[in-house]
Amino acid sequence: MFQMKTYRIPNTDLDVSRIAFGTGGLGGTWDQAPITQDLRDRAKTLLHTAIELGINFIDLADVYTWGKSNRVVGDVIQNTPSFREKVILQSKAGIKLPGQIAANSTTVYDFSYENLITSVETTLERLKTDYLDILLLHRPSALVEPEEVARAFDTLHTSGKVRYFGVSNHTSFQIALLQRYVDQPFVVNQVELNLLHNDLINDGLLFNNQEQLYSGAHGTLDYCRQHDILIQAWSPVAKGKLFTPPESASEIIKATAIKIDQMAKKHNTTPEAIAIGWLLHHPAKIQPILGTLKPHRIVDSVRADDVNLSRLEWYTLLEIANGQSVP
Ligand SMILES: NC(=O)c1ccc[n+]([C@@H]2O[C@H](COP(=O)([O-])OP(=O)(O)OC[C@H]3O[C@@H](n4cnc5c(N)ncnc54)[C@H](OP(=O)(O)O)[C@@H]3O)[C@@H](O)[C@H]2O)c1
């Protein structure tokens, strides 16, 4: 078994592998189609591959493939003695999918007490476990009532159903507003972050440069560092565009893929390791969440744990992905 380097999530007793495994597509299609044996077998292979490679962190959500991702993970938990104790389970709540509330209903974000409690109870049932290590609010809700979130978190924490709490896709201001009411510390913010989608990093670098790519990410990366909130990167390899850009991709994306490939050869590693290593190199201690459903790509990705990019290489990749140098 590989030993991957770990991070201690501040304000918790959790030592997490620097790279996590995501289950966004693990249950197959995003519909009510039944779970096939092939899907169960694939989930088992992927989860065991991840663990053998030193990954101890599984990212889930109640909505992933309409609950089927949680169910296939639950099967593995049920059928593998001591599996639950080996892994840290993080799930998300707060999204109602189209058609979930009523026939033809639209997507709704729902942070009500009832929905958060029901979501966690359903999630625990599907996962066949008694507790989540971390619960995240999936996407910021325009109708958030922080007092309601605080009440739900208190109930979930006191009952032992959730150990720690966090958010996903939230800005610094949104976290600060919630934290004013919630007693438990927010320990995670999971955001889209990769070389091609790097607003969080550009935000601080390009502040006040009107000609540049200033994104207005509200200092979220610095806020999270200041408040000991672990940043998790979803879509860490931009869904594969960093390696095999489609013909229609921009010249910038194609140039980025070429540079990643060149650096992989120079470092005697894989392109996946360079793209993910770019995130790991950041001193904020970013935890990338892998989305691949191919065991060999998990193998290629975890090699990032051993990649050491120089400062020059890190900035060179940023410059190529931005299509311009820093100011
Ligand atoms: N919080 C949120 O709002 C949010 C949103 C989205 C995702 N997430 C979480 O983040 C996880 C990862 O997100 P993601 O799936 O977007 O991440 P990703 O790893 O950037 O993308 C995964 C996709 O890229 C493909 N891919 C990966 N490596 C490749 C390679 N070397 N060459 C070609 N294609 C490659 C995969 O295909 P193969 O399967 O064929 O390898 C898969 O279709 C999810 O599973 C979920 O847990 C969270």
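Helices and strands are DSSP runs numbered from the N terminus, a helix (H or I) having at least four residues and a strand (E) at least two. The structure shown is a predicted model.

**Figure 1. Overall view of the chain, with twelve helices and twelve strands.** The radius of gyration is 20 Å, close to the 20 Å that the globule rule gives for 327 residues, so the chain is as compact as a globular protein of that length. Along the principal axes, its C-alpha atoms fill a box of roughly 50 × 45 × 40 Å. Of the 327 residues, 43% count as buried. When contacts between residues at least 6 apart in sequence are considered, 75% join residues at least 24 apart.

**Figure 2. Surroundings of the ligand, a shell of 24 residues.** The closest residues are Gly22, Gly24, Trp234, Gly240 and Gly291. Sorted by class, the shell contains eleven polar, eight nonpolar and five charged residues. The polar class includes glycine.

**Figure 3. Helix α5 (residues 146–158) and its buried side.** The 13 residues of α5 should span 18 Å at 1.5 Å a residue, and the end C-alpha atoms are 18 Å apart, which agrees. Val149, Ala152, Phe153 and Leu156 are the buried residues of the helix. They cover an arc of only 100° around the axis, which puts them on the same side of α5. An α-helix has 3.6 residues a turn, so residues three or four places apart point the same way. Glu147 and Thr158, on the other side of α5, are exposed. The packing partners of the buried residues are α4 (113–127), β8 (132–137), β9 (162–168) and α6 (172–181). Just after the helix, Gly160 adopts a positive phi of about 80°.

**Figure 4. Close-up of Phe153 in helix α5.** Phe153 has 23 other C-beta atoms within 10 Å and is buried, because the cut-off for burial is 20 or more. Leaving aside neighbours within four places in sequence, Phe153 is in contact with Phe165, Val182 and Gln184. Between Phe153 and Ile134, which are 19 residues apart in sequence, the C-alpha separation is 11 Å.

**Figure 5. Helix α10 (residues 271–280), largely enclosed by the rest of the structure.** Ten of its ten residues are buried, so the helix is largely enclosed. The buried residues include Pro271 and Glu272, together with Ala273, Ile274, Ala275, Ile276, Gly277, Trp278, Leu279 and Leu280. They pack against the strands β11 and β12 (287–290) and against the helices α9, α11 (295–302) and α12 (311–322).

**Figure 6. Close-up of Ile320 in helix α12.** Ile320 counts as partly exposed, with 19 C-beta neighbours inside 10 Å. This assignment follows because a buried residue needs 20 or more such neighbours. Apart from residues within four places in sequence, Ile320 contacts Ala255, Thr256 and Lys259. Gly277 is 43 residues from Ile320 in sequence, and their C-alpha atoms are 16 Å apart.

**Figure 7. Two residues other than glycine with positive phi, Asn11 and Ser235.** Most residues other than glycine have a negative phi. In Asn11, phi is near 65°. Asn11 is found in the loop between β1 (6–8) and β2 (15–17) and is partly exposed, with 15 other C-beta atoms within 10 Å. Phi of Ser235 is positive at about 55°. Ser235 belongs to the loop between β11 (230–234) and α9 (251–266). With 20 other C-beta atoms within 10 Å, Ser235 is buried, because a count of 20 or more defines a buried residue.

**Figure 8. Close-up of Val87, a buried residue in a loop.** Val87 lies between α3 (83–86) and β5 (88–93). Its surroundings hold 23 other C-beta atoms within 10 Å, so Val87 is buried. Not counting residues up to four places away in sequence, Val87 touches Asn56 and Ile58. A separation of 28 Å lies between the C-alpha atoms of Val87 and Thr220, which are 133 residues apart along the chain.

Terms used:
Residues are numbered from 1 along each chain as its sequence is written. This is a predicted model: local features need pLDDT of at least 70, side-chain atom pairs count only at pLDDT 80 or more; totals for chains, interfaces and linings use all residues. A residue is near a molecule or strand if its C-beta atom, placed from the backbone, lies within 6 Å of it. The expected span of a helix is 1.5 Å times one less than its number of residues. A residue is buried if 20 or more other C-beta atoms lie within 10 Å of its own, exposed if 12 or fewer, and partly exposed in between; C-beta atoms are placed from the backbone. The arc is that of the directions from the helix axis to the C-beta atoms. Two residues are in contact if their C-beta atoms, placed from the backbone, lie within 7 Å. The radius of gyration is taken over C-alpha atoms; the globule rule is 2.2 Å times the number of residues to the power 0.38.
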